[in-house]
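Hi there,

Here is the structure I promised to pass on. Please have a look at it first, and then read my notes below.

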Amino acid sequence: HLEQSCEALSILPSQQQIIISIKRQSLYLINKDRMIRQYTVSTSKNPPSCLENSHGTPLGLHCIEDKIGNGEPIGTVFKGRVSQGYTFEDAPQQEQMRNLITTRILRIKGLDPQLNLGDPNDSYKRYIYIHGTNHEERLGKPFSMGCIELSNKDCLELFSLVHLND
């Protein structure tokens with residue numbers, strides 16, 4: 001399926017891929033057709049969608065366009081892709097109630113102009129990320145606003161294993 005999608009878009013698949021299963025709430029890291037890791041995730045509580053303001057997890061082929069947060073402590077809170085200089089445990093109680101972007105950010109870019117690249121369906125402009133969460137107890141169930149959320153430990157590990165353009 002991946003090879004067919006890449007071929008249709010005239011894209012060479014990278015040696016390493018991330019496959020997200022919305023149905024299984026799982027992320028699979030594949031290298032040279034071999035599964036390296038499987039992680040439990042949380043995708044959108046809304047139906048999958050590429051449309052802006054839908055708050056749905058987008059479908060289709062994407063690549064990792066930006067890796068943000070290298071060297072920050074695990075649990076670091078990000079706003080606007082900028083470290084806030086504290087971890088979610090140190091955040092004010094009111095802020096801890098919200099679903100925060102923590103630890104690392106893998107910002108994804110759509111590769112299909114018919115589906116997830118360009119207005120009004122642009123995953124990059126929608127700020128869709130793979131990132132850590134301060135609500136790890138919700139992993140395994142749809143809960144996000146469109147992003148793919150991981151435990152902070154898993155996010156840290158995945159960040160170290162993937163490369164730009166994977």
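What follows is a short tour of what was found in it. Please keep in mind that this is a predicted model.

**The acid in the segment after α3**

Let me begin with D166, which sits in the segment after α3 (152-161). Although D166 is buried, no salt bridge is formed by this residue. The nearest side chain of opposite charge belongs to K67, and that is 7.5 Å away. A salt bridge here requires a side-chain nitrogen of Lys or Arg within 4 Å of a carboxyl oxygen, so K67 does not qualify as a partner.

What, then, lies by the side chain of D166? A polar atom of that side chain is 2.9 Å from the backbone nitrogen of H163. Leaving out residues up to four places away in sequence, D166 touches S14, Q16, H62, C63 and I64.

N165 is found in the segment after α3 as well. With a relative accessible area of 55%, N165 is exposed. Its phi is positive, at about 75°, although N165 is not a glycine.

**Salt bridges**

How many salt bridges does the structure hold? There are 5, and I would pick out three pairs for you to look at.

One is E65 with K109, whose closest N and O atoms are 4.0 Å apart. Since E65 belongs to strand β4 (residues 62-68) and K109 to strand β7 (residues 101-110), this pair ties together parts that are 44 residues apart in sequence. E65 counts as partly exposed, at 27% relative accessibility, and K109 is partly exposed too, with a value of 27%.

Another is the salt bridge between the side chains of D66 and R107, at 4.0 Å from N to O. This pair also links distant parts of the chain, with D66 in strand β4 and R107 in strand β7, 41 residues apart. R107 counts as buried, at 7% relative accessibility.

The third that I would show you joins the side chains of D119 and K125, at 3.5 Å from N to O. D119 is exposed, with 60% relative accessibility.

**Backbone features**

D119 turns up again here, as a cis peptide bond joins D119 and P120, with omega at about 0°. P120 is placed in the loop between β7 and β8 (129-132).

K32 is another residue to check on the backbone. Its phi is near 50°, a positive value in a residue other than glycine. K32 lies in the loop between β2 and β3 (34-40), and at 60% relative accessibility K32 counts as exposed.

Why are these backbone features worth listing? Most peptide bonds are trans, and most residues other than glycine have a negative phi.

**Two buried loop residues**

Is Q25, in the loop between β1 and β2 (26-31), buried or exposed? Q25 counts as buried, because its relative accessibility is 3% and the cut-off for buried is under 20%. The side chain of Q25 makes a polar contact of 2.7 Å with the side chain of T43. Setting aside residues up to four places away in sequence, Q25 touches Y39, T40, V41, S42 and T43, and also G140, K141 and P142.

G75 is in the loop between β4 and β5 (76-79). The relative accessible area of G75 is 2%, so G75 is buried. Apart from its neighbours within four places in sequence, G75 is in contact with Y86, T87, F88, T102, T103 and N152. If you would like a distance to check, the C-alpha atoms of G75 and T133 are separated by 8.0 Å, while the two residues are 58 residues apart along the chain.

**The largest pocket**

Last, the largest pocket has a volume of about 800 Å³. Which residues lie nearest its centre? They are I18, I19, G60, L61 and H62, out of 29 residues that line the pocket. The elements that give two or more residues to this lining are α1 (2-8), β1 (16-21) and β4. You will have met H62 already, among the residues that D166 touches.

Happy viewing, and do write back with any questions.

Best wishes

Technical notes: Residues are numbered from 1 along each chain as its sequence is written. This is a predicted model: local features need pLDDT of at least 70, side-chain atom pairs count only at pLDDT 80 or more; totals for chains, interfaces and linings use all residues. Side-chain values use heavy atoms; hydrogens and water are left out. Helices (H or I, at least four residues) and strands (E, at least two) are DSSP runs, numbered from the N terminus. Buried means under 20% relative accessible area, exposed over 50%, partly exposed in between (1.4 Å probe, protein chains only). Lys and Arg count as positive and Asp and Glu as negative; His and the chain ends are not counted. A polar contact is a pair of N or O atoms within 3.5 Å; within protein, one must be able to donate a hydrogen and the other to accept it, and residues adjacent in sequence count only if both atoms are side-chain atoms. Contact means heavy atoms within 4.5 Å. On a 1 Å grid over the protein atoms alone, a cavity is a set of points where a 1.4 Å probe fits but cannot get out, and a pocket is an open set with protein on both sides within 12 Å along at least five of seven lines; lining residues have an atom within 4 Å of a point. Grid points are joined across faces, edges and corners, and a volume is the space filled by probe spheres set on the points.
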